[in-house]
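Biologist: Let us study this model together, one question at a time. I shall ask, and I request that each answer show its reasoning.

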Amino acid sequence: MALQLQLQPTIKNGVFQYPSAIRPFGNRKKVSFQAQATPTRTQRIMEGIAVSGEVGGAGGAYSYSALKRLDQLWSKICSSSTVVVEEPQKVVSSVPGSYKDSEHVGNLDEMFDVIVCGGTLGIFIATALSSKGFRVGVVERNVLKGREQEWNISRRELLELVEVGILTEDDVEEATAASFNPNRCGFEGKGDIWVQDILNLGVSPVKLVEIMKKRFNSLGGVTFEGYSVSSISVYEDSAVLQLKEGKTIFSRLIIDAMGNFSPIVKQIRCGRKPDGMCLVVGTCCRGFKENSTSDVIFSSASIKETSQSVVQYFWEAFPAGSGTRDRTTYMFTYVDPQPGSPQLEELLEDYWDLMPKYQGVSFDDLEILRIIYGIFPTYRDSPLPAAFDRILQFGDASGIQSPVSFGGFGSLTRHLGRLTTGIYEALEGNFLDSRSLSLLNPYMPNLSSSWLFQRAMSAKKQSNVPPDFVNELLFANFMSMQKLGDPVLRPFLQDVIQFGPLVKTLGLVMLTRPQIIPSIFKQVGIPVLVDWSGHFFMLGYYTFLSTFVDPAIRPLIGSFPAKVRYEWKRRLEAWQYGAGLDYKLSPPGAHETAITSDPSKETLTTNNKTAKY
């Protein structure tokens, strides 16, 4: 009869330790088992979903391990008690003299006019510059391809890529996975506003980037996939890019399109903590019955308490192009990066509770195709001027996207034509010093004015305002814009702040809801309002300059010396774009229709099939 020993393990430092009697014979190594925490609901769900095709860039990763890495980065930003989060790695160094006299010249692999670092959005500017005859290379640390999750944009914005000449209308049709109308803005049962043709297309990044990549290659462009930036040495006549994989590339100009967390941007900003952050989580699910309309912005509740802070949640929802019953739903919030700010996993835990009520569904009836998450930092001093000769920030790295919508693809379509022309002239005239390049990312008062809206939409734990203040303020603004009509509402919904519409909206809100004004002062604070007043004044000043001074100067520019002509062209563009006057409202009947109130008769088009609801 075998002797049975009832031996209990002890726990030391979180590790189960068993008595020597049950250790294996011989070398008697210790048998230990690491204590496991109970998986969260988010972990169980994410680990139960097959993940494939992850790519770099915002929104390109879907796994639980990638979520935890991003939360660790976010925690590091929040926990820093100083303005500087970390001492950044020195990527760029300025070296006097010519590259021909350096040790690099013997390692010359290839020489380019332009090297674009970061391919997901960088491929667009690379293709545009290649089409103008420049030799362009793209460095991408992953395989250059778009993410599975669609980009939402209006057709009008997408056609701006056709105007630049890098897409055809057939390409637009091929890349468009879904088309839907109308689009809703609503706030906690106070009422809904329905608009047409706002973020009403779902564009497949996979197809769009593939189209761009083929066009880029056909124009003689060179792609370096699987390569990472190690260092950049800037000489008087060239920039030398050293890749971690050992390759050395020479270029007249380097365009940094490596996104919000570009190592070059970290060096320029000296590792400074962002001034604000947008946290986003969401899902793409299959199984929706009603799926013909979208939500541009929707709030279904007042301020909510989390474990250590308070948040104001907002929603976006769009039909997905993968099927007529597929729908993407985003939940997002604006926060200050400080200790106690919620993590993305905390937001997802709230998402599982709140999303079914918002969408009128049950997760039991849905198939989760993918889980989406991201953090989007912003800085008040954006766009980011060039800090080095021969290096220019582009896309999200430049900070030119709206601090409210964080629409990186939308800002790309809006500014791509302006930047392509400006970079072309800078290369042709050899105006590649930091001062000349900074004119391509100039101060834009309408972008700086948007900061007030982000601050107003950020919940604060001790702001002494009613819990429903944010919803009340937004509803008052949207109702005022609706009354003032399309010339006021449509630019705002497409991230364009203009002086006239802003004055009209603020004036109407003050006249119709004067009781809300004291809460605005409490919510955003006097210093923010004072700072915003300066940008508001400059918005009016830029509007005046672009409207009245530009027509007087423009005819004279052709007679200026080349460098002065380049500078004045950039100045006129800064006035125009900084005042939002690049946005032109389409005439009636031009597929940009007015506000509607009956979404029941609309149709949804996905994958070239029309489903009526």
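**Cores, rings, strands and a helix**

Biologist: Which residues does isoleucine 423 touch, not counting residues up to four places away in sequence?

Modeller: This is a predicted model: local features need pLDDT of at least 70, side-chain atom pairs count only at pLDDT 80 or more, and totals for chains, interfaces and linings use all residues. Residues are numbered from 1 along each chain as its sequence is written, and side-chain values use heavy atoms, with hydrogens and water left out. Contact means heavy atoms within 4.5 Å. By that rule, isoleucine 423 touches Ile125, Leu129, Leu253, Ile255, Leu392 and Leu440.

Biologist: Which helix gives the most residues to the largest nonpolar core?

Modeller: A nonpolar core is a set of buried Ala, Val, Leu, Ile, Met, Phe, Trp, Tyr and Cys residues joined through side-chain atoms within 4.5 Å; buried means under 20% relative accessible area, exposed over 50%, and partly exposed in between, with a 1.4 Å probe and protein chains only. Of the 46 residues in the largest core, Val116, Phe124, Leu161, Ile255, Phe409 and Ile423 touch the most other members. Helices (H or I, at least four residues) and strands (E, at least two) are DSSP runs, numbered from the N terminus. With seven residues, the most is given by residues 408-429, helix α9.

Biologist: How many residues does the second core have?

Modeller: This core is separate, and Cys278, Phe332, Phe376 and Leu493 are among its members. Its count of residues is 44.

Biologist: How far apart in sequence are the parts tied together by the pair of phenylalanine 124 and phenylalanine 409?

Modeller: Rings of Phe, Tyr and Trp (its six-membered ring) pair if their centres lie within 6.5 Å; planes under 30 degrees apart count as stacked, over 60 as edge-to-face and the rest as tilted. The count is 27 aromatic pairs, and phenylalanine 124 with phenylalanine 409 is a tilted one, at 5.9 Å centre to centre and 55° between the planes. Phenylalanine 124 lies in helix α3 (residues 122-130) and phenylalanine 409 in helix α9, so the distance along the sequence is 285 residues.

Biologist: Are phenylalanine 124 and phenylalanine 409 buried or exposed?

Modeller: Phenylalanine 124 has 0% relative accessibility. For phenylalanine 409, the relative accessible area is 7%. Each therefore counts as buried.

Biologist: Why is strand β15 described as largely enclosed by the rest of the structure?

Modeller: Strand β15 spans residues 248-256, nine in number. The description follows because the number of buried residues among these nine is eight.

Biologist: Which strand joins β15 through seven bridges?

Modeller: Two strands pair if DSSP finds at least two bridges between them. Strand β14 (residues 239-243) pairs with β15 in the antiparallel sense over four bridges, and strand β23 (residues 391-393) runs parallel to β15 with three bridges. The parallel partner with seven bridges covers residues 110-117 and is strand β5.

Biologist: Which residue in β23 stands opposite isoleucine 255?

Modeller: Bridges join β15 to β23, and the two strands run parallel. Opposite isoleucine 255 stands leucine 392.

Biologist: How far apart are the end C-alpha atoms of helix α13?

Modeller: The expected span of a helix is 1.5 Å times one less than its number of residues. Helix α13 (residues 469-484) has 16 residues, which means that it should span 22 Å. In agreement with this, its end C-alpha atoms are apart by 23 Å.
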